[in-house]
Amino acid sequence: MPSDSSGARRGAELVGRRAECAVLDALAADVRAGRSRTLVVHGEPGIGKTALLGHLAGAPGCRVVAGGGVQSEMEVAYAGLHQVCAPLLRHLGELPEPQRAALGAVFGISAGPAPDRLLVSLAVLSLFSAAAEHGPLLCLIDDQQWLDRTSAQVLAFVARRLGAEAVGLVFATRDAGGDLAKLPRLRVDGLRPADARALLDEVLPGPIDARVRDQLVAETDGNPLALLELPLGLTPAELAGGFGLPGATPLPGSIEEAFGRRYRALTAPARLVLLTAASDPSGDPALVHRAIAGLGIEAGAATMAHEAGLAVFGTRIRFRHPLARSAVYRSATPADRLRVHRALADATDPRADPDRRAWHRARAAPGPDEEVAAELERSANRARVRAGLAAAAAFLQQAAHLTPAPERRVGRALSAAHAELAAGALEATVDLLLLAEAGPSTDFQQAEAGLIRAQLAFVTNRGSDAPLLLVNAARRLESVDPELSRATYLEALYAAIFAGRLAGRGGDLLEVAQAAGDAPPPRHERRAPDLLLDGLAATIRHGCAAGFPVLREALRGFDSGLTVEEELHWLYLASIVALRIWDDGAWDALSARHLHLARDTGALSELPLALTSRSYLLLFSGDLVAVASLSDEVRAIEELTGSNLAPYGALGLAAFRGDETVARIVIRDAVGDVTSRGEGVGITFAEWATAVLGNGLGHYAEAFEAALRAVEYDHDPGQLVWVLPELIEAAVRSDHHDLALDAHARLATMTSAARTDWALGMQLRGEALLSKGKVAGDLYRESLEHLARTRMRVQLARTHLLYGEWLRRVRRHLDAREHLRTAHTQLDAMGIGAFADRAARELRAAGSPVRKRVDACRFDELTAQEAQIAAMARDGLSNPEIATRLFISARTVQYHLRKVFTKLGVTSRSQLVQALPH
């Protein structure tokens, strides 16, 4: 642990901290008992958080690893994580290979592509779990507010995913919000007056006047570090004679100023020694001594610096408190800071640690310097491989600011903006765009800046501003880069689909399609993205018959000819297109490919979209357990990245399950979320979900009104694929025959152009609902034949239900029972609750009892996570594979499986096949 005196004292008991120590002792006891625990210890600077971590570090029976944030190291990706993980790396071989490779890459142990934060987070969780297999583990993180952003996100993610690993993860920080907001917390306040007075009496060497003591206690508000530091600036006479103190100064400024006074009282050489130590966050004494020698400072100055008590010079250099480090650095003159960074750069081996050398050279530069900027650019390329985009962006940002030539500065600023945007640093992206736009730029650079700004708008809220910005960027690119212009038009169509009915002026899908239709032709043979652009524009401008053939050709083009990067960029749109042309086979293949690529390459920005697309294919296939698992994965990624994709998976899941209370809450929250961001497609989804819920519950009037609202925005026929069948069913059931006919005509326009089994099955079902007599029966049977050849198992079961209802109403009870029983069995097994209940009511009305499956009773006893784990184990996934999918440790998977076996009365994974519904 870092050495400081911010607590009352080390040892068995800290003055005035009995309650806090009891909480920490209970946490350690839980960890020793095999239960994971997390805690955020928070309070103002100097309040004693570090001392409390020191108390916990002495917990018997636990292995302790510790690390902490360093303010000057916040730009170095994974710096804080390395402190914590370094003592545990001997367990690296116990991790699955992808996780082992991820940690090897970020810690410089092995070469390899830059992993994303999600894979690194899972690897750290697995590393902690592996270490805990050898004994209870306590991980203590001090000064969390000064961790580099990447380490902070990873450790907070791990804290939220701990389960049964015998790991305790405790953070000390000033603010318990942000990444730590949802974790258990312990607030640390100032000492009570009696304890504060006792502390002063204990640590002061001489007598203190009662009035002086009381004023110190009052001014410090019981802050232990202030109680220890502020009296050091007073003479014995002032302490003993009752002369009083000057007016109080606010904390933590007064604490830092106390450190600053002690620093300024030293000789110039001793100050330079401390400044050198404060300027390099590595704590490497050899590096600091080389730099000191380069400054021409004699060894005696180092001794004086050590005796000042601000830092401890040992095997690592540690400051007494982070405020002491910042006080030293802030108190130094700008000229001294430049000298020290230059000396540190000269003392750093350019071959062994070129990036740290570049980092110090940048801080030693008095102004723009092309040589330093170029070195930072090279460091960015290395950082991108080792630690990912966030680290690369930090170097590129510095390089841009240090570039003297305005034209080159614009190029570097745009490169940095690209990297910051990809890394999710949106505010930094805006700042770099402003820097780029302030300088002289080429036509291409202006177009590139416009494209980044448009992409920023889309990433920020996927809402109403992005389509027009992308169209304008595409127009500017037409003359300078036609290929990039076409790709940007395709992105504009993508954004307009999301914006839907909430698109701003000039960004409506029809307007964007008109502009995209006039895009310059490709200079080469049309590839899959070109065909997507042309096919989507033709569909929206001229109708399904004009665009569907081109779109089918586009989807076939994803089999070959594209790089992995191109596939990742366009596969989500390709999956949407497969849905729009009613091709469930292509949708299945493309969504599976997208998810596989996103996971394997660690494309964190793409993974939520890939998961959502795959979720809806699985939703209509009836695998609701898998959908729940993927929805959990989306939430886990959002926790890590702060992304804000609307909860589409949860929306569909709630509608299909049919729990009215839960579904209405999810729908209400989703509408508020997408409306605030201008994401109009989300409103259509929410109205569709309301219609599904109403049709399942038999609330047909409500379903009809919701579906009617959903189809009001008809500029995008692709948004109506799921809505129109719900509208037809609800309109027929609520006696709106003319509107049902109109809805079916609109549906037939799409399905006739698609001619797939899915499309024809739904078209025939709609016709059957609108027909009577033998014609209706024939249409239902034809619909079932087509749907039986698709993956749309939910629609197949619902068609059995509709056919059974029709048979009962025409008094063919024996035939009705067959189809109603099939519908109930299938819907109940899939967990389509409201529709299963509707089938059960109809089955009873047809004179047949409803038998509840025995295995369903036991399955219902499982928690949601237990059900997901059990289903994955049933399907053959190993514990590590399940852990990877659910972002938990393999040990937690094993813990839950033991509970599953007990609840289901089985003793092996093979028995889960019979015990669980499919």
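**Exercise 1. Work out what share of the residues in the protein chain is buried, and what the exposed surface is made of.**

Start with burial. This is a predicted model, and its protein chain has 918 residues, of which 57% are buried. Now turn to the outside: the chain exposes about 35600 Å², and carbon and sulfur atoms supply 53% of that area.

**Exercise 2. Describe the secondary structure and the sequence range of the contacts.**

Count the elements and you get 47 helices and seven strands. For the contacts, take just those between residues at least 6 apart in sequence; 70% of these join residues at least 24 apart.

**Exercise 3. Find the cavities, then say what lines the largest cavity.**

Step one is the tally: six cavities of 30 Å³ or more turn up in the structure.

Step two is the volume. The largest cavity holds about 360 Å³ of space.

Step three is the lining. There are 21 residues in it, and those nearest the centre are Tyr572, Ile576, Leu579, Phe685 and Trp722. Helix 24 (482-499), helix 28 (564-580), helix 30 (607-621) and helix 34 (680-697) are the elements that each give two or more residues. Helix 28 gives the most, with five.

Step four is the chemistry: sort the lining of the largest cavity and you end up with 14 nonpolar residues, six polar and one charged.

**Exercise 4. Do the same for the second largest cavity: give its volume and its lining.**

Here the space comes to about 80 Å³. The lining has 12 residues, with Gly46, Lys49, Thr50, Asp143 and His321 closest to the centre. Sorting this lining gives three nonpolar, five polar and four charged residues.

**Exercise 5. Ala166 has a positive phi without being a glycine; locate this residue and decide whether it is buried or exposed.**

First, the angle: phi of Ala166 is about 55 degrees. Next, the place: look in the loop between helix 6 (149-161) and strand 4 (167-173). Last, the burial: Ala166 has a relative accessible area of 4%, and the cut-off for buried is under 20%, so Ala166 counts as buried.

**Exercise 6. Repeat the analysis for Arg755, which also isn't a glycine.**

Phi of Arg755 is positive too, near 60 degrees. You'll find Arg755 in the loop between helix 37 (737-754) and helix 38 (757-769). Its relative accessible area is 54%, and exposed means over 50%, so Arg755 is exposed.

To put the two side by side: Ala166 is buried, whereas Arg755 is exposed.

Methods
Residues numbered from 1 in each chain as written. Predicted model: local features only at pLDDT ≥ 70, side-chain atom pairs only at ≥ 80, totals over all residues. Heavy atoms only, no water. 1 Å grid on protein atoms, 1.4 Å probe; cavity = no way out; pocket = protein on both sides within 12 Å on 5 of 7 lines; lining within 4 Å. Points joined across faces, edges and corners; volume = space filled by probe spheres on them. Helix = DSSP H or I, 4+ residues; strand = E, 2+ residues; numbered from the N terminus. Nonpolar A, V, L, I, M, F, W, Y, C, P; charged D, E, K, R; others polar. Buried < 20%, exposed > 50% of the residue type's maximum accessible area, 1.4 Å probe, protein only. Contact = heavy atoms within 4.5 Å. Areas by Shrake-Rupley, 256 points an atom, 1.4 Å probe, with all protein chains shown as cover.
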